[in-house]
Protein chains: 2
Amino acid sequence: MAAKKSFTEEIGTLGALLRLPYQALAASMYAELAENGFPDIRPAFSSVFRHITPQGARVTDMAEQAQMTKQSMGYLVDALHERGYVELVPDPSDRRAKLVRLTERGQAFLDAALALSHRNEERLAERMGRDEWAHLRRLLERLNVEIAVLAPNSPKKAGGGAP
Amino acid sequence: MAAKKSFTEEIGTLGALLRLPYQALAASMYAELAENGFPDIRPAFSSVFRHITPQGARVTDMAEQAQMTKQSMGYLVDALHERGYVELVPDPSDRRAKLVRLTERGQAFLDAALALSHRNEERLAERMGRDEWAHLRRLLERLNVEIAVLAPNSPKKAGGGAP
DNA sequence: GATATTGGTCAGAATGTATGTCTATTATAG
DNA sequence: CTATAATAGACATACATTCTGACCAATATC
């Protein structure tokens, strides 16, 4: 049953135009990653993978960048640690702190995700035509700039559509 | 502290290009709606507002359209009922079923949300230029079509990004 | 050294989603 | 028309993700 169009979809709000492809993309990515050896990575963990760094990042810093509490980030990091995707090493420069780093498995996941993302974009570019594709990306970049001006204060919680 | 760029943001994946403006838009909408008399509407409720109909919709149907279980949709409908945004009337054509309908307050919320959405889009169109704006919308519609072809099976759960 | 700040944890709660099971009702097969 | 299957929704339960508030240990500042 291919879900009927929603109201916002029907009237084509910008929100719907952004949300729908994003969700489809994310769903397909996670499904494929699950099939390819990473069934235990859930969407919430992306907050970690997006903000981790090769040198190792602190929970507090990652939390701030992801705009969530350090407790929440800590919870996600813990879960990834249990699953073997990250390791925690003491920060030599501050004995309170720990550095969160990708393990080999963590790096493998990230690589797989990026490869998949790239492959999907290639396919889309192919289907839409290179010019259209490039134009779309340019306009989205522009949109990001203008929206930042319009709504400068991303107020802590961003959620919205269909989580 | 304006959160540093995430990794995907840095390398500009399509996902990030769609997610970021969507989140900014949603966050600003909900913040403004909260300030304007609707502080008790949370993002999750949008699943209800997107799929409700003027004649009244069944929980089961809304659940299917929103691609969630009827239990989950039931939970959201309940919460909106308690808050006075929807009413439940028996379905005359099926005594098992109830129709979920917007109350006046529910309709007022929906109207406010749509007005705000429209206002935001106007502002963006203004800032980006009407031509660019129209082009962006056209390309996003195209993207939606192509993505549907690429990933035909939205597998139940859509989540992904940074909800 | 005294005090304030910061990195991280512990405890508890709220929210949103899913399963599994059940009842009442409707629809269908024979 | 009855027996059986399917459907609408509820209840109970569990899990995942996030938040607040209180706290400890280490660091930085005065």
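Colleague: By class, how many nonpolar, polar and charged residues does the surface near DNA strand D have?
Modeller: Near is a cut-off here: a residue's C-beta atom, placed from the backbone, has to lie within 6 Å of the molecule or strand. For the classes, Ala, Val, Leu, Ile, Met, Phe, Trp, Tyr, Cys and Pro are nonpolar, Asp, Glu, Lys and Arg are charged, and the others, Gly among them, are polar. Sorted that way, the surface near DNA strand D has seven nonpolar, seven polar and ten charged residues.

Colleague: Before we go on, what pLDDT do local features need?
Modeller: On labels, residues are numbered from 1 along each chain as its sequence is written, while chains are lettered from A and ligands numbered from 1 in the order in which they are written. This is a predicted model, so totals for chains, interfaces and linings use all residues, side-chain atom pairs count only at pLDDT 80 or more, and local features need pLDDT of at least 70.

Colleague: Which element gives the largest share of the surface near DNA strand D?
Modeller: 24 residues surround that strand, and the closest are A44(A), S72(A), R95(A), T60(B) and A97(B). Elements are DSSP runs numbered from the N terminus: helices are H or I with at least four residues, strands E with at least two. α5 (70–82) of chain A, plus α4 and α5 (70–82) of chain B, each supply at least two residues. The largest share, four residues, comes from α5(A).

Colleague: And which element gives the most to the surface near DNA strand C?
Modeller: Here 26 residues surround the strand, with T60(A), A97(A), A44(B), S72(B) and R95(B) the closest. The class split is eight nonpolar, seven polar and eleven charged residues. At least two residues each come from α4 (59–65) and α5 of chain A and from α5 of chain B. With five residues, the top contributor is α5(B).

Colleague: Which element supplies the largest share of the side of chain B that touches chain A?
Modeller: In all, 62 residues of chain B are in contact with 63 residues of chain A (contact: C-beta atoms, placed from the backbone, within 7 Å). The elements of chain B giving two or more residues to this side are α1 (7–11), α2 (14–35), α3 (46–51), α4 (59–65), α6 (104–128) and α7 (130–150). The largest share, 16 residues, comes from α2(B).

Colleague: How are α2(A) and α2(B) set against each other, parallel or oblique?
Modeller: Two packed helices are described by the angle between their axes and the distance between the axes. The axes of α2(A) (residues 14–35) and α2(B) come within 9 Å and cross at roughly 135 degrees (axes are lines fitted to C-alpha atoms, for helices over the stretch in contact, with angles from 0 to 180 degrees between N-to-C directions). Angles under 35 degrees count as roughly parallel, over 145 as roughly antiparallel, 65 to 115 as roughly perpendicular and the rest as oblique. So α2(A) and α2(B) are oblique.

Colleague: By class, what makes up the contact of α2(A) with α2(B)?
Modeller: The pair crosses left-handed, meaning that the near helix is turned anticlockwise from the far one by less than a right angle (clockwise would be right-handed). L14(A), L18(A) and Y22(A) are among the residues of α2(A) that meet α2(B), whose partners include L14(B), L18(B) and Y22(B). The contact has twelve nonpolar, two polar and two charged residues.

Colleague: How do α2(A) and α7(B) run, roughly parallel or oblique?
Modeller: The α2(A) side includes L17(A) and L20(A), meeting residues of α7(B) such as L140(B) and I147(B). Their axes are 9 Å apart and pack at an angle of about 25 degrees. That makes α2(A) and α7(B) roughly parallel.

Colleague: Is I41(A) buried or exposed?
Modeller: I41(A) sits in the loop between α2 and α3 (46–51) of chain A, and touches L33(A) and F109(A), not counting residues up to four places away in sequence. A residue is buried with 20 or more other C-beta atoms within 10 Å of its own, exposed with 12 or fewer, and partly exposed in between, with C-beta atoms placed from the backbone. I41(A) has 22 such atoms, so it is buried.

Colleague: Which class of exposure does Q67(A) fall in?
Modeller: Q67(A) lies in the loop between α4 and α5 of chain A. Its phi is positive, about 55 degrees, although Q67(A) is not a glycine. With 18 C-beta neighbours inside 10 Å, Q67(A) counts as partly exposed.

Notes
Two residues are in contact if their C-beta atoms, placed from the backbone, lie within 7 Å.
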